[in-house]
Structure formats: structure tokens, C-alpha cells
Amino acid sequence: MTTTTTIMAEEQPAPKRDVQNHHLFECAWEVANKVGGIYTVISTKVPVTIAEYGDRYTLVGPLTNKLAMEVRVLDPVDPVVATVLEAMHSHGVKCLYGRWLIEDKPQVLLFDVGSCSHRLDEWKGDLWNLAGISTPLHDAETNNVILFGYLMTWFLGEYASRQLDTAIVVHFHEWQAGVTIPICRKRQIDVMTVFTTHATLLGRYLCAGSVDFYNNLRYFDVNHEAGKRGIYHRYCVERTSAHCADVFTTVSHITVLEAEYLLKRRPDGVVPNGLNINKFQRRHEHESENLYAIARAKIHGFMRGHFYGHYDFDLENTLYIFTAVRYEYRNKGLNYRLKRSDSKTTVVAFIMPASTNSYTIEAFKGQALVRQLQETVTEIQKRIGDCLLDHALRFHSEGKLEVAPSDLLSSEDQMLLKQRISALKRTSLPPFVTHNMMDDANDPILNRIRRVKLFNSHEDRVKIVFHPDFLTSSNPILGLDYEEFVRGCHLGVFTSYYEPRRYTPAECTVMGIPSITTNLSGFGCFIQDTIKRPEDEGCYIIDRRTNSFEQSVSQLTDCLEGFCNKTWRQRADQRSRMESLSLLDWKILGVEYTKSRPLALRRAYPDAFLVTDGESGEEDPFIAVVIHRSFPLRPSPPFSSS
């Protein structure tokens, strides 16, 4: 097959293209479509990519109904793009071209997959003939993926046939964007492809089934496992995309092993996920501390409505810990240890999110009663202030100041305060969940809380607040945006078994919030490889790779107990060190993405690259690695593997 590909290339030689000023198209299902974490990856990476490419960079995705406010429609900057879109439009293809209204406003092209739905059967048949991939009839998501893949291929084929001067690199994210890759390879469209998997499809499904995933990676019958879970056709798309791409990358070293065993191709490199830290960085340390104080005061306000009236405790000696994952509680965990040591510290553990129906009456009532009390106190304060001002004016004229408490606080005000305080008092325990759950009886978090009896009793040092709804400032229970809530907490806990690319601990880091993660997460692996003693900087890493589950739980409890025993000054110093870390800046991590593109070009146009640095005459280390590893140049697609 390799020989056949070579002969065809000689019969139809590709034009010599300018590889230095190549065009970059980045293709993903989440372009201007906020449905997953890749939206954050792409949108935060835009500034560094724009700095490198300018108007030679275009993002491509599907057109959804949620985009009216995200894209400003404009005419294409590139006249070739305008010609191609006009030609496609003449065949009934609908699309939207303009600027994505995020930082630096990149060019964006969105295809309406519904405009070509009448060609679905034709393109499904073609995908079978080209790649041996069959798809079920009623899988709506896969149908849209195929439509989008063929529209993207159509566009690239037309563009490459008209744009003959410069090379074209196309970067695809995840299997939803990958259909284009094998079609381009089979039709020999002159574009270079990079495919990045952020977490393998089969890996997600296997870990959801509570299997011993990492210890059995090499033993899985991948075809059987994918078929058993009804995702064989999707798995084939992902695997074929990985094999047919000129360059295959993933986001963490732990996912390298996953891709090697499940997709049967070892990635060419790792491209860690970064963040645009300019969004989070503050000019002065005092500014950060003020933001912490403001956010924490708002959480204090929620705590008063949720707990006060049942009982109260010292909010200034309370730590707020949050987790956005399925946290594994055990009886002899943090609560047990704090009670045994007679600790005066109260820990409030926030858990989120999950599927809900509505707010509970009890949670809503507590917040409403506190707001009523606050409004009453504010009104009385104003009346007391007016009264005190009146007495002060008399003191100025009469030469003496005599104010009795009864003169300031009237009997009517005293009665109103007593009524508000009486209404606030409740005899039940504070609720541990703020919403009515869709499946209360079978929810694993609720059942774990009930099993270990963490019912927010007065003697419990760890209180539970399960807030399963997403956070917004308009929320009547906990009225904070997610970023503000995180900044007001003391610690984030993210210990899931399968987290190849989790963004939450990274966001904690750039906001100066310590976190706990594991060496099975992409973030944890990156931090371990980068920082010698990450726990000193406020990033605690649990060993879930070599330890048993019980050992990992014990290590997690040790970390939590140690954090609770820190002084206020120690925690403040840790926040400062965390926020000063710049490891996650796209300006640093974006270099890894930059490396993958010349590698794709090097494999297609080996003669266009020199082994030496043109300025110094010394060997270019990156190109040297490419040559010394003897990467194959555009290998034939292994369609039989699907």
C-alpha cells in the first residue's frame, strides 16, 4: 500500500508550497459552542495563536442555534475562502463566517450541518467505502459528525486546489472533528493534519464502568469493549483519525499510555492544556487579597442563611473546601479525625454539580429569612443614625449629650427585631443538599452521605453543602459566579480516577487557591514533572496509580487534616505562591502546539526543512529530533484496523 501511495504521488505531484507562512485551520466541535472543556482550551489559546499566525488562522466548527451572540458576521478576509464558500453555497451549503467575539476576535467559519442532511446516506456509504466504518441509522450525534466531516473535507479540497502558494495545516480536536482526516488522506488532499485527543472515547466509557482501568490497559480487547458499550463506530472514527493524521498528540503523559493501548498508536508528543492567565492575574498582592475577602464575605452570607437559626459557629475559623467530582467519603475520614483531636476548626465541604429539579424549600427559606433580617437591621440602623444625629445637634446647642438606649431603639423596632429573630430559629438540622434531586434514592453522593451519617449535626466538624446546580450570580441560594466562588474558597479537591485534562485545578492554581489532585490526572502529572515539591506550593498530589484505594483515601485525609492545621498566615503564603506560578500560561505551553505543526509539514515536505538553524548554522534541536527518530513520511492509512 505504501508503494501505491508513492506512485500516485509521482503521477500527481503536489505543488511546491511556502511552509514558513502556512495557513492554519483549527477544527473542533466546541468552536463557539460551549458544550465541553475543549471550548476553554481553544478559546483561551486564541491570543497566542493569533500572535503567531494573525489572519492566517481560522477556527472551524458546526453551526448551532446558540451562536447568535458569539459571532459577528463579516466577509472573509482571504479572497480564496470567499470564493470557496460562494461555490459551496451554490450547491446548497449554508455557513456563517465572521469573528468569534472572544479575546483577539479570531476568524471563525461555522457550517450548518442540517443544510446537507439530504446527503447523509451518500456520505455514510462513502465513509464505508473509504475507511470501512459503518454507522447506525439513528445515532443523531454521529450523523451530525459525518455531515460536518464531509463539509470540512469539501471546504479543504476546494481551498487546497485554489490556494497553491502556501502550505495548509489543519488541527483537529477529538473524534467529533476527526472524520475529515481519513477522507483527506484517501483523496490525497494536499493538507497537513494534526489530531489531538484530550481523553480517549473508550477510556471514558471504561472508567465510567468502575473497572481497574490503568492496571489493565494492555489487556483490554478494544473492539469487544467498544462494541459492548455501543460505541464501536465512534471508536473506529477516533482510531482511524489517530492513525491517518500526520501528527498525533494528546494532552498528558498519562493519556499517552491510554492512546497507545486503546488507539494503537503512540502519540508523537504531549500538548498540555494551558490558560490565559492574564484573565486571572492581579497587579498587586493586596488586590488579590481584597478579591478573596469580598468573595469569602459572600460565602459567609450564604452560610448564615443555611446554618444560623439551626445553630451557629465561628465563620472566621471556618474553612471552605469544594469539589466538582464524585468524592469518596469514608467514616474515619477528616470529620472523624477533627472530632478526635477536639479541633475548633469547622470545615464546610461544597459538592457540585448533578442533575436537579428545583431548590428545596428549606434551603430557600433560610436565605430569605436572613435577607429579611438584614433589611430590618438596615432600616433600624438608619433610624438610629437619624436619631443620633438629632441628639448630636442638640448637644452642640445645649452643651451636653445625653442619649438613653430607649431613645435610639424604639419599642417598635425592638419588637420587629424579635419577630425576625424568632422566625429565623429552626429545630431541624441544616439541610445537606440545596436542591431536589432528580433521582434522590439512587444518587451516589446522597447515599454516601447517608451511609456515613454526615447530616450536619452540631458536633460534626465537617459540614456538607451539596449544591448540585451550576453557579451564577443570579442564583437565589448561592449567588456567586463560579470564578468568584472558587476565589472565596480555601481548597479545591479533585481526586477522580479518570481526569486526563481537567481544567478545574488549573483554574484554582492561577487564582491562588490550593488544590488536591492525583497522579492519574493530566494536571497532576504535569505538576509532578514540573515542580520538585508541589505540596510546598499548595498543590497536593495523591498517589492513585500505585496505592490501593484505601491507601489513597488515607493519604487524602492526611492532606486535608494537614491543611486544616495550617495557620492563617501559612495559608495566605501558600495562596501567594500558587498565584505567582506561571507554568500554565499559554505563552509557555503554546510552544508544544507550535512544535506539532512543523512536524506535520516536515513529514510532508522534508526538503523544505534544513537540519541547521539558518542564523547560527547550529543544529535545530526540534528538527534534529524529528530526523533522528526517522518518522515515516505520510504513511498509508491503516483502514483495515477499523
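The paragraphs below describe the overall make-up of a predicted model, followed by two helix pairs, the cysteines and several individual residues.

The chain of this predicted model has 642 residues, of which 52% are buried. Its secondary structure consists of 24 helices and 17 strands. Among the contacts that join residues with a separation of 6 or more, 74% link residues 24 or more positions apart.

A good place to begin is helix H9, which covers residues 232-244. The 13 residues of H9 reach 18 Å from the first C-alpha to the last, close to the 18 Å expected at 1.5 Å a residue. Twelve of these 13 residues are buried, so H9 is largely enclosed by the rest of the structure. The buried set takes in His233, Arg234, Tyr235, Cys236, Val237, Glu238, Arg239, Thr240, Ser241, Ala242, His243 and Cys244. Charged side chains are thus represented in this set, including Arg234, Glu238 and Arg239.

One of the partners of H9 is helix H7, residues 201-208. The two axes come within 9 Å and cross at roughly 135°, which makes H7 oblique to H9. Leu201, Leu202 and Tyr205 of H7 form the contact together with Arg234, Tyr235 and Glu238 of H9. By residue class, this contact divides into four nonpolar, no polar and two charged residues. The three H9 residues in the contact with H7, Arg234, Tyr235 and Glu238, also appear among the buried residues of the helix.

A second helix pair brings together parts of the chain that lie far apart in numbering: H2, residues 37-53, and H23, residues 586-604. The axes of H2 and H23 are 10 Å apart, and the helices pack at an angle of about 70°. H2 and H23 are therefore roughly perpendicular to each other. On the H2 side, the residues involved are Val41, Thr44, Lys45, Val48, Thr49, Glu52 and Tyr53. These meet Trp586, Lys587, Tyr593, Thr594 and Arg597 in H23. The contact of H2 with H23 is made up of five nonpolar, three polar and four charged residues. An α-helix has 3.6 residues a turn, so residues three or four places apart point the same way. In keeping with that, the H2 residues in this contact include Val41, Lys45, Thr49 and Tyr53.

Turning to the cysteines, the structure holds zero disulfides. A disulfide is a covalent bond between the sulfur atoms of two cysteines. For cysteine 184, the closest cysteine sulfur is that of cysteine 27, and the separation of 9.9 Å is too far for a bond. Cysteine 184 is buried, at 2% relative accessibility. Cysteine 525 is likewise counted as buried, with a value of 9%.

Cysteine 184 appears again in the surroundings of threonine 153, a residue of helix H5, which spans residues 140-162. Threonine 153 is buried at 2% relative accessibility. Apart from neighbours within four places in sequence, threonine 153 is in contact with Thr180, Ile183, Cys184, Arg187 and Ile189. A little further along the chain, aspartate 190 sits in the loop between helix H6 (180-186) and strand S7 (192-197). Although it lies in a loop, aspartate 190 counts as buried, at 14% relative accessibility. Its C-alpha is separated by 7.6 Å from that of isoleucine 168, which is 22 residues away along the chain.

Asparagine 335, in helix H12 (residues 334-340), offers a view of contacts between more distant parts of the chain. This asparagine is buried, at 13% relative accessibility. Outside its neighbours within four places in sequence, asparagine 335 is in contact with Leu454, Asp460, Arg461 and Val462. Asparagine 335 and threonine 557 are 222 residues apart in sequence, yet 9.4 Å apart from C-alpha to C-alpha.

Finally, two residues deserve a look for their backbone angles. Most residues other than glycine have a negative phi. Asparagine 456 departs from this pattern, with a positive phi of about 65°. Asparagine 456 belongs to the loop between helix H16 (444-452) and strand S14 (462-466), and its relative accessible area of 0% makes it buried. Aspartate 104 also has a positive phi, near 70°. The loop that holds aspartate 104 runs between strand S4 (95-100) and strand S5 (107-111). In contrast to the buried asparagine 456, aspartate 104 is partly exposed, at 41% relative accessibility.

Key. Residues numbered from 1 in each chain as written. Predicted model: local features only at pLDDT ≥ 70, side-chain atom pairs only at ≥ 80, totals over all residues. Heavy atoms only, no water. Axes fitted to C-alpha atoms, helices over the stretch in contact; angles between N-to-C directions. Helix = DSSP H or I, 4+ residues; strand = E, 2+ residues; numbered from the N terminus. Parallel < 35°, antiparallel > 145°, perpendicular 65-115°, else oblique. Contact = heavy atoms within 4.5 Å. Expected span 1.5 Å × (residues − 1). Buried < 20%, exposed > 50% of the residue type's maximum accessible area, 1.4 Å probe, protein only. Disulfide = S-S within 2.5 Å.
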